[in-house]
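Below is a short set of questions and answers on one model. Please look over the sequence and the structure first.

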Amino acid sequence: MVGLFNTLDLAKRSLQTQETAIQVTGQNIANVNTTGYSRQTVNITESPDVQTPVGSEGTGTEVAGIDQVVSDLLNSQIQSQNSTSGYWTGQQTALQSAQNGLDEFLNGSGATTGTSSSSASTTDSGLSGQLSALFNAFSALAASPSLSTEQAAVAAGQSVTSSFNQISSQLGSLKSTLNSSLTQNVASANKLLSQIAGLNQQISSTEAGGGTANSLLDQREQDLENLSQLVNISTSTDSSGNLDVSISGQMLVAGRTQLDSLQTYDPGNGNLLVQTATGGADLTLTGGQMQGTIDARDGTLATMQSNLDTLASNLASSVNSIYSAGYNSSGATGGNFFNGTDASDLSVSQSLANDPSTFQLSASATATGDNSVAVNLSNLASTTQSGLNSQTFGNYYGSIVANLGNGLSNANTEVTNQSAVGEMLSQQRSSVSGVSLDEELTNMMTFQQAYEASAQVVTTVNTLMGDTLAMKTS
Amino acid sequence: MRIATNSYSDSMLNQFNTLAAQQYTLQNQVSTGLSVQAPSDDPTAMQNTLSDIEQQAAQTQYSANISTLQTRATSVDSVLQSLQTVVSQAGEIATSAGSATNSQSDLNNYADQVNTLINQVVNDANTKDPSTGQYLFGGTASGSAPFSTTTDANGNVTAVTYNGNSTVNQTPIGAGLTTTADIPGVNSGSNGARGLITDSQSGADLLNHLIQLRDDLNSGDTTAITNTDSANIQKDQNNVAYQVANNGITQNQLTNASTFASSSNTNLTQMISNSSSANLMNVMVELNQAQTAYQAALESSAKIMQTSLVNYLS
């Protein structure tokens, strides 16, 4: 009888083990679509043998644990890739907005037949077209000086200045948008840091009690990945298994404690940067969306703004130096065509705008029909400027456009590449940690069969015990 | 390799996105005819295209300037034709009047003819450009009529004053290239464009020479007519002939410049097209490929996504 009881006990343990296994399979199936879920496996081991005079006797099976299938290497690769991907996404977003603000696109009138199609033209509002229109208006004024051509030249000047002003203001508002997006990113990062510290605490409490905190670990991994998208982080595990998070060498989460948080600060030029909130340590970030935003703002966009200012100031000084030496029909001289010194404040002289007939067209006070000033102004179109790296105004502006184009094109390529790398890593991780329904269903059948067989053992033992009891009574 | 169930849907979604983006880009190229629209599409091509478009706009402006100058040169030419008739008539009068057989009355008749010629010259020399309303022969001081006259009691011109100057406006007709169709009425200096009526380099002084001829006719001084006036008129004839030839050269130059501007324009159009236009044949082929791939991805995923082991368990 003792042997039968032992067998019954063994069958019971087997039933419990298979039940747990089926429960884990059910958990996996239920989370097949859950983002960040890592599949779980049940770790089934033999239960300890019992020594009997005839040798060691098996006691069946037991669940040693429910494990998560994760690859720490892939997780850390994904975090690092997220930082790179976030960096380029930050750049892409900023530069895309700048490209829209510049409004320099080509228009096409649609394809016809043959191997090539109709010719391109620039958008009317782009500065390139406006600049060339200004010099052509000076040329037209030289060809037939009259009030109408003077008006046209002044109007062309106003279009150029309003394009400059508009682009400058677009870049200014883009800068503040990028600053506020940086501030938002910092707030999101702080929230994630505090969540990670909280999860560290829950995980260590759970595990201290001998349990496994699989779902909490999944959540923490998700938080780490979201955080690495925003800013490059480094993580380490301390001696008691707690996860520490550092940003640019500053430890912000040490196990259960959040040591510090992030904040933005103005270094004095209005371009916000990031530092630790309590410690006040300025952080030199090297990746993530925050640094992408900062680099686009302080790199490509700042260069673009300063080049535009250089272009505007050179245009104003070159045009004015010719124009101010001219005489208008009343013999007056010395007035400027442009006022202002940079892209934001460039304007056509108010008195000239009010009365284009005062255009200082003549090189001589007495020769009122002279057009030399207009000829010289129109020649500026093809004159290289020492202040513009020995380029003409048009070419210099072209290089501003191309610089921005290069920056954005590079960011677009990197985003595409990083997205391909990200997909690859995520497929690899999915191959390790993702749930396969086919696999789970197969497992379920395996456990179901084992459960049924164990139940059969119980039934058999029951029958045997009944037989034994019947033997005594008969 | 172990394939998780969601690997299918994730990778399909990525493929759909990639193929849809490809189709979007290609379709956009077909509908606009452009492979480059934004600076980021191809920064170098964009830079070249902007420069080419700028050059093209400049060439178009040069063409407009040339056309303005051509109109002006034609106006100048018709004045020159008229002056050529005048100097030819004046030459004939000087030759005929020098003959000893003429009576004073004949000479007076010649003098009347010369008066008419003087008025015609003054009139011609004060011609305005019909398109801009500027005086053609006043140099750059074009505010008032270039030639004003002093007349005697009979209304005959006794003296002529030039109100203009000897410089002429240049007009851009090409990169760094300017020209002019204008002729100053008077150039008393030793350089610059030769004057139409008075020119110290050639010795021409048409109006004063005509006035002198008329006065000599009225006074019956046939010696002066033969010895001085004929020779003077000859200088004026030569000067007008020079101006006619010069105008012809200018018109030729304008025609050449116009041809150059229009062929530059055509070349630039080609260059713009080369850098920014889509090659439709290639784009259409690529679009077909992308569409085929997209359909294949849709069909295969629709089949795969439907089945799993669940379908076969009962």
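Q: Which residue in strand 9 of chain A is the bridge partner of Val245(A)?
A: The model is a predicted one. Strand 8 (residues 243-247) and strand 9 (residues 250-254) of chain A pair in the antiparallel sense, with three bridges between them. The partner of Val245(A) in strand 9 of chain A is Val253(A).

Q: Which are the edge strands of the open sheet in chain A?
A: Four antiparallel strands of chain A make up this open sheet, in the order 7-8-9-10. An edge strand here pairs on one side only. That applies to strand 7 (234-237) and strand 10 (257-258) of chain A.

Q: At about what angle to strand 9 of chain A does helix 4 of chain A run?
A: Helix 4 (residues 147-208) of chain A lies across strand 8, strand 9 and strand 10 of chain A. Relative to strand 9 of chain A, the helix runs at about 45°.

Q: Is Ser390(A) buried or exposed?
A: Ser390(A) sits in the loop between helix 8 (372-379) and helix 9 (393-433) of chain A. Its phi is positive, about 55°, although Ser390(A) is not a glycine. A residue counts as exposed if 12 or fewer other C-beta atoms lie within 10 Å of its own. Ser390(A) has 10 such neighbours inside 10 Å, so the class is exposed.

Q: How many other C-beta atoms lie within 10 Å of Asp103(A), a residue with phi near 55°?
A: Asp103(A) belongs to the loop between helix 2 (72-102) and strand 5 (106-107) of chain A. Asp103(A) is partly exposed, a class between 12 or fewer neighbours and 20 or more. The number for Asp103(A) is 16.

Q: Which helix gives the most residues to the largest nonpolar core?
A: This core has 150 residues, and those with the most contacts inside it include Phe138(A), Leu193(A), Ala90(B) and Val121(B). Val121(B) touches Leu83(B), Val86(B), Ile197(B), Leu206(B), Leu207(B) and Leu210(B), leaving aside residues up to four places away in sequence. With 20 residues, the one that gives the most to the core is helix 2 of chain B.

Q: How many residues does helix 2 of chain B give to the side of chain B that touches chain A?
A: In the contact between the chains, 66 residues of chain B meet 62 residues of chain A. Among the elements of chain B that each supply at least two residues to this side are helix 1 (5-32), helix 2 (43-97) and strand 3 (171-174). The side divides into 26 nonpolar, 37 polar and three charged residues. Helix 2 of chain B gives the most, and its share is 16 residues.

Notes
Residues numbered from 1 in each chain as written. Chains lettered and ligands numbered in written order. Predicted model: local features only at pLDDT ≥ 70, side-chain atom pairs only at ≥ 80, totals over all residues. Contact = placed C-beta atoms within 7 Å. Nonpolar A, V, L, I, M, F, W, Y, C, P; charged D, E, K, R; others polar. Core = buried A, V, L, I, M, F, W, Y, C linked by C-beta atoms within 7 Å. Pairing = 2+ DSSP bridges. Axes fitted to C-alpha atoms, helices over the stretch in contact; angles between N-to-C directions.
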